[in-house]
Amino acid sequence: MEKITLDDLDSWMGPASVKRPVGRALGAEHLAMNYYELEPGESFAFGYHAHGDQEELFYVLDGTATFETDDGDVTVEAGEAIRFSPGEFQQGRNETDAVVTALAVGAPADSGELTMLRECPSCDARTENEVEPTEDKSALITRCVECGTETGRFS
Ligand SMILES: [Zn+2]
């Protein structure tokens with residue numbers, strides 16, 4: 001048995017103000033579970049992405065999240081949940097003026113190969129991107145795989 005208090009967990013750097021690794025803190029072996037708080041304009045993810053092997057569920061606790069999907073935008077309100085299959089592209093954002101809180105659950109814990117797309121100003125297209133830490137580890141940056149341009153910085 002393991003028990004934790006979410007407020008005790010460090011928040012991870014990234015596109016959301018708050019991302020607490022609940023599953024990892026509990027020692028979960030077969031699933032990943034993260035708690036998110038998104039300020040207006042923030043996102044759960046670095047870009048429009050798909051996990052090779054992992055199905056992913058989001059349960060919105062407060063506010064309204066908007067998920068970009070291959071079928072268009074889907075809004076998910078407090079009390080609603082959404083599931084994405086392995087290989088399905090998606091990115092959830094907070095497009096409202098209020099904070100969004102949500103739980104994300106993925107299984108298995110190892111999500112497999114990540115494919116992540118972002119707008120690259122140099123390529124003038126949405127291209128595949130990778131995430132890497134800055135040299136001093138104070139931020140994470142996204143970089144276009146095609147041309148090497150930095151497309152985003154998250155701290
Ligand atoms: Zn590029």
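Is Phe154 buried or exposed, judged by its relative accessibility? In this predicted model, Phe154 has a relative accessibility of 15% and therefore counts as buried, the limit for that class being under 20%. The ring of Phe154 is paired with that of Phe46: the two centres lie 5.1 Å apart and the planes meet at 85 degrees, so the arrangement is edge-to-face. Phe154 belongs to strand E13 (residues 150-154), whereas Phe46 sits in the loop between E2 and E3, so the pair ties together parts that are 108 residues apart in sequence. Phe46 is likewise assigned to the buried class, because its relative accessible area is 18%.

Aromatic pairing was examined across the model, and the count comes to eight aromatic pairs. One of them joins Phe44 and Phe58, whose ring centres are 4.9 Å apart; their planes stand at 45 degrees, so this pair is tilted. Phe44 occupies the loop between strand E2 (32-38) and E3, and Phe58 is found in strand E4; the two residues are 14 residues apart and link distant parts of the chain. Both Phe44 and Phe58 are buried. Ring pairs further connect these two residues with Tyr36, Phe67 and Phe84 in a cluster.

Phe67, a member of this cluster, also appears among the contacts of Val76. Val76 is part of strand E6 (residues 72-77) and is buried, with a relative accessible area of 2%. When neighbours within four places in sequence are set aside, the residues in contact with Val76 are Val60, Gly63, Thr64, Ala65, Phe67, Ala81 and Ile82. Between Val76 and Pro86 the separation is ten residues in sequence and 20 Å in space, taken from C-alpha to C-alpha.

Pro86 is in turn one of the residues touched by Gln54. Gln54 is located in the loop between strand E3 (48-51) and strand E4 (55-62), and this polar residue is buried, its relative accessible area being 6%. Its side chain reaches the backbone oxygen of Pro108 at 2.9 Å. Residues up to four places away in sequence not being counted, Gln54 touches Ala32, Ser85 and Pro86, together with Gly106, Ala107, Pro108, Ala109 and Ser111.

The model also contains a zinc site. The ion is coordinated by the SG atoms of Cys120, Cys123, Cys144 and Cys147, at 2.3 to 2.4 Å. The angles subtended by the four donor atoms run from 105 to 114 degrees; the arrangement is tetrahedral because every angle falls between 85 and 135 degrees. For four tetrahedral donors the ideal angle at a metal is 109.5 degrees. Along the chain, the donors follow the spacing C-x2-C-x20-C-x2-C. Within this set, Cys123 lies in the loop between strand E10 (114-120) and strand E11 (125-133), while Cys144 lies in strand E12 (residues 140-144), so the pair ties together parts that are 21 residues apart in sequence.

The zinc donors include both buried and partly exposed residues. Cys144 is buried, with a relative accessible area of 2%. Cys123 is partly exposed at a relative accessible area of 31%, and Cys147 also counts as partly exposed, at 38% relative accessibility. A search of the whole structure for disulfides finds zero.

Notes
Residues are numbered from 1 along each chain as its sequence is written. This is a predicted model: local features need pLDDT of at least 70, side-chain atom pairs count only at pLDDT 80 or more; totals for chains, interfaces and linings use all residues. Side-chain values use heavy atoms; hydrogens and water are left out. Donors are N, O and S atoms within 2.8 Å of the metal (3.2 Å for Na, K and Ca); water is not among the atoms, so sites may look incomplete. Four donors count as tetrahedral if all angles lie between 85 and 135 degrees; four count as square planar and six as octahedral if opposite donors are over 155 degrees apart and all others between 65 and 115; anything else is irregular. Helices (H or I, at least four residues) and strands (E, at least two) are DSSP runs, numbered from the N terminus. Buried means under 20% relative accessible area, exposed over 50%, partly exposed in between (1.4 Å probe, protein chains only). A polar contact is a pair of N or O atoms within 3.5 Å; within protein, one must be able to donate a hydrogen and the other to accept it, and residues adjacent in sequence count only if both atoms are side-chain atoms. Contact means heavy atoms within 4.5 Å. Rings of Phe, Tyr and Trp (its six-membered ring) pair if their centres lie within 6.5 Å; planes under 30 degrees apart count as stacked, over 60 as edge-to-face and the rest as tilted. A disulfide is a pair of cysteine sulfur atoms within 2.5 Å.
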